[in-house]
Structure formats: C-alpha cells, structure tokens
Amino acid sequence: MSPDRPQNPGCGHRVVDYLRMAVTDRCNFRCVYCMPPEGVAFKPHEEILSYEEMAFFVEAAVDVGISKVRLTGGEPLVRKRLPDLVRLIAAVRGVHDISLTTNGVLLPDFAGELKQAGLSRVNVSLDSLDLERFRVLTRGGSLDRVLRGIEAALREGLEPVKVNAVLMRETLDELPRFVELVRERPIHVRFIEWMPVGGCGPQSADRPVSKDEAVAALEALGELVPVASPGGWGPARYFRFPGHQGTVGFISSVSDHFCGDCNRLRLTADGRLKNCLFSDDEVDVRRAVRARDRVATIAAIRESLERKTFDKLRLPGRSGRGMSQIGG
Ligand code: SAM
Ligand code: SF4
C-alpha cells in the first residue's frame, strides 16, 4: 500500500478497501435460495438513495480507504439508467475498479453502455445450465438471455467475466457442464457454498453441498491445477484444467469461512452500512448523505468499521434482511 493511501481507522492492521453497494432491493428473479416465492416487501422509493447520493457516499468512502466498488442488489440492472451511476462513480478520484454483480438477464441490453460508462467487469450469477431447471430455480428466469448476457460482457471486454454458481444438491450433476463451459470460453466459474441467510433455501437445504464435495467431484474429471485469481483479490481459490480457457473457483463461505481476510464494507440501497454479511449490526448513513454532510458520512463509516470484528462467523443474521436486500 502506498504511504499516502488513506488507512481505515479502527481496523487494526486490516485494510477495508472494497465497497459492495446495493443499488436496489428489487429483482426480476425470485431465486429459491434468495427470496421467498411471494418476494419480499420492497422499501418505498423515498427510502432508497439516489444515484447522486450514492456517488456522494463513494467520495466520502474513498477518504476512508475504499478504492473498489461493486454494484449489486436486488438486481442492479432493474434500476433505471444504471450506466448513469457507473459514470458518476467512475468520475470519483481514487476509485480504481467498478464491478457489477448481476443475474445477467438484462446484460444483452446494457453491456455496451456499461462499458462506455466506466464499468470494469461483471460477475454473472448462473446456477444451472439446464433450461428447465434454471427456470425453476430462478422462478421464471430465461437461461438463454443470461448466456447471451455473458457473451455480451465478453464481447464488450467487461473482463474477467466471472460466473457465480451457488452449490445445491439439485444441480450437483451439472458440474461437468460448467467444466465444458470454461473449456470453451474464457469464463471463471466460482462455486459458492449456499449460506443460510434470510430464511430461504433450495429444497435440499437440509443437505448442503460443501466446497470439499464439489472439489472431489471436479477432481474426478481431471487434474485441477491451482492458479492465481483472474484479475483480482477476494476469497475464491482458483484452478484450471490443462488446456481450458477459463478456470473454476471455490468460495467456502460456510465450511471454511474467511472472516480474518475480510476487506469489505456493505451499503444497502436504503443507506445502511453493514460491516458483515452475517451481522445485524447496521449504521444509518442516509441522513448524513442526504444532508451532503461529508464529516458525518465519514464518521458513520468509521463507526461501522470500528465495530467490524473480523473473527466471528455469525450465522444466520437476524436483522430480517435477506440476501437480495443486502447484496450478497
Ligand atoms: N441479483 C444479482 C445476482 O443475482 O447476481 C445481485 C444480487 S445477489 C443477492 C448476489 C449474489 O448472492 C448472487 O451471486 C447470488 O447467487 C448470491 N446469493 C444469494 N443468496 C445466497 C445464499 N443464500 N447463499 C449463497 N449465495 C447467495
Ligand atoms: Fe434476484 Fe440475485 Fe436474489 Fe436471484 S440471487 S433473487 S437474481 S437478487
């Protein structure tokens, strides 16, 4: 770290430089492990931060050490004119990386504009490569459009393109299909352990699939050679099958949690700071942001960071917020 880089206060030797910002709590899917079928009660429009407010927050967060911003949700692309927000954040001095986590269904329409606005790269969530299963797991999503979204991201250079696949017993037999995908395309598939957050889960929730089980299944398909993380940092560990264009990675958020390495801060769409996905601890920063009070905004960020513990996995959170309201 360069000597003039802002240091987070109250975080000991750890650096929190990564902000996950939920831009909406709404979504056009109802993934079985993320939302109940009837959906969740969305926050009223007036409680949701505007793009200008989000950009103001990011400016303040840079002063406290944030340099990487990920837009998430809900589904970020259901919010109108998302490229406008990307443009505002790209103009903030000190932000070096803007990424997006999306279900991908609207990416065919927006990939080009997002790239032009300053987006660096995307992660697309895709849990099944089977048309019918995908429809069931997302409660109505179109696999075809998501695959076209991934291709659009590759075409526009929103790379590295990563795919997030939540491990479920329902889809365990599809690991070879994902391996075929990364053989042919420069895509990085990360298998993520399902986390019991928000009271939702797949039908197989009582028999979750661990990273170790997925690794064993993949090892049966060939030699897994450890490789560096494609273009980034973060908790995933990556491997490549010799000759394949892409890689496979694992995020063992439950069986082998990585709280000690956590570098992230979360902002919900309604302006609450969360220092841990699994914690109910929230700091309200909306009032300070709405008043364009930089000092109070920074104070709220410091307060949240000071309460970050780095050493406790607290499962499950009781705040009542599901994943779609936190941003994953
Ligand atoms: N709608 C966007 C999407 O699906 O990519 C962004 C929001 S979504 C909450 C962010 C990530 O959280 C997705 O990759 C999703 O698969 C993951 N996720 C949601 N619920 C989860 C759970 N219970 N366990 C593990 N991952 C989960
Ligand atoms: Fe929506 Fe993403 Fe949650 Fe699926 S995982 S319901 S796409 S927010």
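User: Where is the place of arginine 81?

Analyst: Arginine 81 sits in the loop between β2 (68-72) and α2 (82-90). Helices are DSSP runs of H or I with at least four residues, strands are runs of E with at least two, and both are numbered from the N terminus. This is a predicted model, where local features need pLDDT of at least 70, side-chain atom pairs count only at pLDDT 80 or more, and totals for chains, interfaces and linings use all residues. Residues are numbered from 1 along each chain as its sequence is written, chains are lettered from A and ligands numbered from 1 in the order in which they are written, and side-chain values use heavy atoms, with hydrogens and water left out.

User: Why is arginine 81 called partly exposed?

Analyst: Its relative accessible area is 38%. Buried means under 20%, exposed means over 50%, and partly exposed is what lies in between (1.4 Å probe, protein chains only), so 38% earns the middle label. Arginine 292, in the loop between α8 (286-290) and α9 (294-306), has 40% and is therefore partly exposed too.

User: What is the phi of arginine 81, and what is that of arginine 292?

Analyst: Arginine 81 has a positive phi of about 55° although it is not a glycine, and arginine 292 has a positive phi of about 50°. Most residues other than glycine have a negative phi, and most peptide bonds are trans. On the second point, glutamate 159 and proline 160 are joined by a cis peptide bond, with omega about 0°. Proline 160 belongs to the loop between α5 (143-156) and β5 (161-167).

User: How do you know that cysteine 200 is in no disulfide?

Analyst: The structure holds zero disulfides. For cysteine 200, the nearest cysteine sulfur is that of cysteine 34, 6.8 Å away. A disulfide needs two cysteine sulfur atoms within 2.5 Å, so this pair does not qualify. Cysteine 200 counts as buried because its relative accessibility is 11%, and cysteine 276, with 13%, is buried as well.

User: What makes the link between threonine 102 and glutamate 75 a polar contact?

Analyst: Their side chains approach to 2.7 Å. A polar contact is a pair of N or O atoms within 3.5 Å; within protein, one must be able to donate a hydrogen and the other to accept it, and residues adjacent in sequence count only if both atoms are side-chain atoms. The value of 2.7 Å therefore fits the distance limit. The side chain of threonine 102 also reaches the backbone nitrogen of glycine 104 at 2.9 Å. Threonine 102 lies in strand β3 (residues 97-102) and is buried at 2% relative accessibility.

User: Why are four residues of the shell around ligand 2 called nonpolar?

Analyst: The shell holds Cys27, Phe29, Cys31, Cys34, Gly74, Asn103 and Ser324, each with a heavy atom within 4 Å of the ligand. Ala, Val, Leu, Ile, Met, Phe, Trp, Tyr, Cys and Pro count as nonpolar, Asp, Glu, Lys and Arg as charged, and the others, Gly among them, as polar. The Cys and Phe residues are therefore the nonpolar ones, and the shell divides into four nonpolar, three polar and no charged.

User: How many residues does β5 bring to the lining of the largest cavity?

Analyst: β5 gives three residues, the largest share of that lining. The lining divides into eight nonpolar, one polar and one charged, and Asp127 and Phe191 are among its members.

Definitions and conventions: 1 Å grid on protein atoms, 1.4 Å probe; cavity = no way out; pocket = protein on both sides within 12 Å on 5 of 7 lines; lining within 4 Å.
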